[in-house]
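The paragraphs below lead through a structural model, beginning with its interior and moving on to its charged pairs, its surface and the confidence of the prediction. Please keep the sequence and the coordinates in view while reading.

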Amino acid sequence: MPDAMPDTAPPPPPQSPAKPRWTQDAALALVFLTRLPLPAIAPLSGSLNGPLAEGAAARAMGWFPLVGALVGLAGGAALALAAALNLPPLAGALLALAATVRLTGGLHEDGAADVADGFGGGRDTARKLEIMRDSRVGSYGVLALVFSVAIRAAALAALPVPVAVAALVAAGALSRCALTALALALPPARRDGLGAAQGRPAASTVLLALILGLAVAGAALWGIARLGADAVALPLAAVFLASLTAVWAMAALARRQIGGQTGDVFGAAQQLAEAAVLLTLAALAGGAR
């Protein structure tokens with residue numbers, strides 16, 4: 001006769017301890033700003049399945065500068081490889097930008113193109129928002145993309161390779177840390193969409209983003225000064241002011257054009273801020289020669 005079934009059920013398998021909230025917020029920032037596969041991010045977050053905890057999307061903005069630095073580092077690696085292969089500086093700069101676009105999926109470039117089309121072609125707020133949601137790209141959008149890539153590539157090509165690598169890291173961090181201040185300052189322009197869904201960050205989140213952005217950019221530029229590159233004194237205050245000024249200009253324009261922010265406005269602000277940082281570093285490096 002077979003043995004009777006045991007009265008007690010087998011113990012459940014051990015569960016891994018819950019990840020700290022900050023790691024989940026950082027992982028969510030990676031999901032927002034990059035196209036990294038979820039399996040690569042899951043060890044950091046534990047799990048990103050199911051509904052997001054209240055305020056998680058807004059808190060994730062505090063970690064945007066570190067994601068931006070990662071994107072810039074990827075571009076810097078591509079630029080260094082191009083230099084090692086003796087490619088022309090402009091070719092290396094374009095390959096560096098292509099690497100960043102590959103990592104982000106062109107998220108910010110798409111936003112800049114949509115904003116240019118909407119602000120340039122819309123008659124009123126409703127029409128501007130409608131154009132910005134249209135997946136097609138018009139002449140204003142094409143021109144915005146051309147100038148964005150051309151200006152950033154020209155600035156990078158004018159820098160010595162070690163300085164250009166540091167510039168990409170600093171620009172990636174600073175151009176994203178200022179976005180949190182924009183999200184706090186401007187209300188969403190529409191009730192749905194990315195700008196409304198993520199919510200407005202707390203002042204502590206903005207402070208975290210600013211601290212991280214300044215720390216990363218400062219470390220990158222200090223490292224270049226230690227290497228004794230051509231641009232020895234690259235003041236952090238100048239590039240930080242350049243990024244804030246670019247984002248402030250985008251915020252003022254968005255408030256006047258559509259009354260607030262959208263996900264596309266964030267993308268356009270990031271592109272302006274990155275270009276401003278790279279141009280400022282190119283000007284400083286040129287003046288140091």
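**The interior of the model**

The largest nonpolar core has 36 residues, and those with the most contacts inside it are Val 115, Phe 119, Met 132, Leu 182, Met 250, Ile 258 and Val 265; a nonpolar core is here a set of buried Ala, Val, Leu, Ile, Met, Phe, Trp, Tyr and Cys residues joined through side-chain atoms within 4.5 Å, where buried means under 20% relative accessible area, exposed over 50%, and partly exposed in between, with a 1.4 Å probe and protein chains only. At least two residues of this core are supplied by each of helix 1 (21-33), helix 3 (56-60), helix 4 (64-84), helix 6 (107-121), helix 7 (125-133), helix 9 (161-185), helix 12 (236-258) and helix 13 (263-288). Helix 12 gives the largest share of this core, seven residues. Apart from this core lies another, of 26 residues, which includes Ala 164, Leu 174, Leu 278 and Leu 281. In soluble globular proteins, nonpolar side chains tend to be buried together.

This is a predicted model, in which local features need pLDDT of at least 70 and side-chain atom pairs count only at pLDDT 80 or more, while totals for chains, interfaces and linings use all residues. Residues are numbered from 1 along each chain as its sequence is written, and side-chain values use heavy atoms, with hydrogens and water left out.

Ile 258 may serve as a view into the larger surroundings of the core: not counting residues up to four places away in sequence, Ile 258 touches Phe 119, Thr 125, Lys 128, Leu 129, Met 132, Ala 189 and Val 265, a contact being defined by heavy atoms within 4.5 Å.

The protein chain as a whole has 13 helices and zero strands, the helices (H or I, at least four residues) and strands (E, at least two) being DSSP runs numbered from the N terminus. Of the 289 residues in the protein chain, 46% are buried. Among contacts with a separation of 6 or more, 78% are between residues 24 or more positions apart.

**Charged pairs**

Four salt bridges are counted in the model, each requiring a side-chain nitrogen of Lys or Arg within 4 Å of a carboxyl oxygen of Asp or Glu. One of these salt bridges joins Arg 152 to Glu 109, with the closest N and O atoms 3.3 Å apart. Because Arg 152 lies in helix 8 (residues 139-157) and Glu 109 in helix 6, this pair ties together parts that are 43 residues apart in sequence. Arg 152 also meets Glu 274 in a salt bridge, at 2.7 Å from N to O; Glu 274 lies in helix 13 and Arg 152 in helix 8, so this second pair ties together parts that are 122 residues apart in sequence. Glu 109, Arg 152 and Glu 274 are thus linked in a network of salt bridges.

How buried or exposed are the members of this network? Arg 152 counts as buried at 1% relative accessibility, Glu 274 counts as buried at 8%, and Glu 109 is buried with a relative accessible area of 9%. Leaving aside neighbours within four places in sequence, Glu 109 is in contact with Val 101, Thr 104, Leu 145, Arg 152 and Gln 271.

A further salt bridge is formed by Arg 127 and Glu 130, whose closest N and O atoms are 3.2 Å apart. These two residues are three apart in helix 7, and are therefore separated by about one helical turn. Arg 127 is partly exposed, with a relative accessible area of 28%.

**The surface and the confidence**

The accessible surface of the protein chain comes to about 14,200 Å², of which 67% belongs to carbon and sulfur atoms, the areas being obtained by the Shrake-Rupley method with a 1.4 Å probe, and only the protein chains shown counting as cover for residues. Leu 95, which lies in helix 5 (residues 89-104), is partly exposed, with a relative accessible area of 42%.

The protein chain averages a pLDDT of 83, and 80% of the residues score at least 70, pLDDT being the predictor's confidence in each residue, from 0 to 100. Among the elements, helix 2 (residues 38-45) has the lowest mean pLDDT, 56, and helix 5 the highest, 97. Over residues 1-6 the pLDDT is below 50, and this stretch has zero contacts in the model beyond near neighbours in sequence. Over residues 229-233 the pLDDT is likewise below 50, but this stretch has nine contacts beyond near neighbours in sequence.
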